[in-house]
Amino acid sequence: RGGGLTPHLAPSRVVCSSTCYRTETDTGREPWGLYRVHQFTKVEMFGVTAAESGTESEALLAEFVALQKEIFSELGLHYRVLDMPTQELGLPAYRKFDVEAWMPGRGRFGEVRASLAGRGGDTHPPPQAPR
């Protein structure tokens, strides 16, 4: 309360749930255009890292993606992880992974999770390696 995160507390991880209201449409090929209900509850994972070596953010992102893969595997879901191209990223993100699960009713994969690493304060992203 009333202050920032001190470096000795980083990395810090927080999990919360939130109720969301959103219409998600596809490219118009589905007759009704929706593949998620109007209201859904999502679980969000947030993390804050120190910027001492420049690799902390990538390491925490890898930890979150590994945790999501473990959860979807334990649930027995058929999923895939996509390393998203930079043109798919919003500010302040510099790296993003989408997790898509097979949706039998749609006959294709659909996004169920997104994990991203972003900039905060005066930090700078690590150099981009060719993908």
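Student: Is R95 buried or exposed, and what is its relative accessible area?
Tutor: This is a predicted model, and each value below is computed from it. A residue counts as buried under 20% relative accessible area. R95 falls under that cut-off and is therefore buried, with a relative accessible area of 17%.

Student: Which residue forms a salt bridge with R95, and how far apart are the closest N and O atoms?
Tutor: The limit for a salt bridge is 4 Å between a side-chain nitrogen of Lys or Arg and a carboxyl oxygen of Asp or Glu. R95 meets that limit with E58, at 3.1 Å. The pair links distant parts of the chain, with R95 in strand 4 (residues 93-103) and E58 in helix 1, 37 residues apart. E58 is partly exposed, at 24% relative accessible area. The partner and distance asked for are E58 and 3.1 Å.

Student: Which residue of strand 4 forms a salt bridge with R80?
Tutor: The closest N and O atoms of this pair are 2.8 Å apart, and the partner of R80 is E100. R80 belongs to strand 3 (residues 79-83) and E100 to strand 4, with their places 20 residues apart in sequence. R80 is partly exposed at 38%, whereas its buried partner, at 14%, is E100.

Student: Which residues are joined into one network by salt bridges that share partners?
Tutor: R95 and E58 already form a salt bridge. Salt bridges with shared partners bring D83 into a network with these two. The members are E58, D83 and R95.

Student: How many salt bridges does a search of the whole structure find?
Tutor: One of them is between the side chains of R13 and E63, at 2.7 Å from N to O. R13 lies in strand 1 (residues 12-21) and E63 in helix 1 (residues 56-74), so this pair ties together parts that are 50 residues apart in sequence. Both ends are partly exposed, R13 at 42% and E63 at 36%. For the whole structure the search finds 5.

Student: Which elements give two or more residues to the largest nonpolar core?
Tutor: The largest nonpolar core has 5 residues, namely L61, V65, Y94, F97 and A117. In soluble globular proteins, nonpolar side chains tend to be buried together. The elements that give two or more residues here are helix 1 and strand 4.

Student: Which residues is V65 in contact with, leaving aside its neighbours within four places in sequence?
Tutor: V65 is one of the residues of the largest nonpolar core, as is F97. Contact requires heavy atoms within 4.5 Å. With the sequence neighbours set aside, V65 is in contact with V81, F97 and S115.

Student: Which strands are the edge strands of the open sheet?
Tutor: The sheet has 3 strands in the order 3-4-5, with antiparallel pairing. An edge strand pairs on one side only, which here gives strand 3 and strand 5 (108-118).

Student: How many bridges join strand 3 to strand 4?
Tutor: The two strands run antiparallel. Across this pairing, D83 stands opposite F97 in strand 4. The number of bridges joining strand 3 to strand 4 is 5.

Student: At about what angle does helix 1 run to strand 5?
Tutor: Helix 1 lies across strand 3, strand 4 and strand 5. The angle is taken between N-to-C directions. For helix 1 and strand 5 it is about 155 degrees.

Student: Is K96 buried or exposed?
Tutor: K96 has its place in strand 4. With neighbours within four places in sequence left aside, its contacts include L82, D83, M84 and E88. The relative accessibility of K96 is 16%, under the 20% cut-off, so K96 counts as buried.

Student: How many disulfides does the structure hold, and how far from C16 is the nearest cysteine sulfur?
Tutor: A disulfide needs two cysteine sulfur atoms within 2.5 Å. C16 is partly exposed at 31%, and C20 is buried at 12%. The sulfur nearest to C16 is that of C20, and C16 is in no disulfide. The values asked for are 0 disulfides and 9.5 Å.

Student: How far apart in space are S12 and L60, C-alpha to C-alpha?
Tutor: S12 lies in strand 1 and is partly exposed, at 22%. In sequence, S12 and L60 are 48 residues apart. In space, their C-alpha atoms are separated by 9.6 Å.

Terms used:
Residues numbered from 1 in each chain as written. Predicted model: local features only at pLDDT ≥ 70, side-chain atom pairs only at ≥ 80, totals over all residues. Heavy atoms only, no water. Helix = DSSP H or I, 4+ residues; strand = E, 2+ residues; numbered from the N terminus. Buried < 20%, exposed > 50% of the residue type's maximum accessible area, 1.4 Å probe, protein only. Core = buried A, V, L, I, M, F, W, Y, C linked by side-chain atoms within 4.5 Å. Pairing = 2+ DSSP bridges. Axes fitted to C-alpha atoms, helices over the stretch in contact; angles between N-to-C directions.
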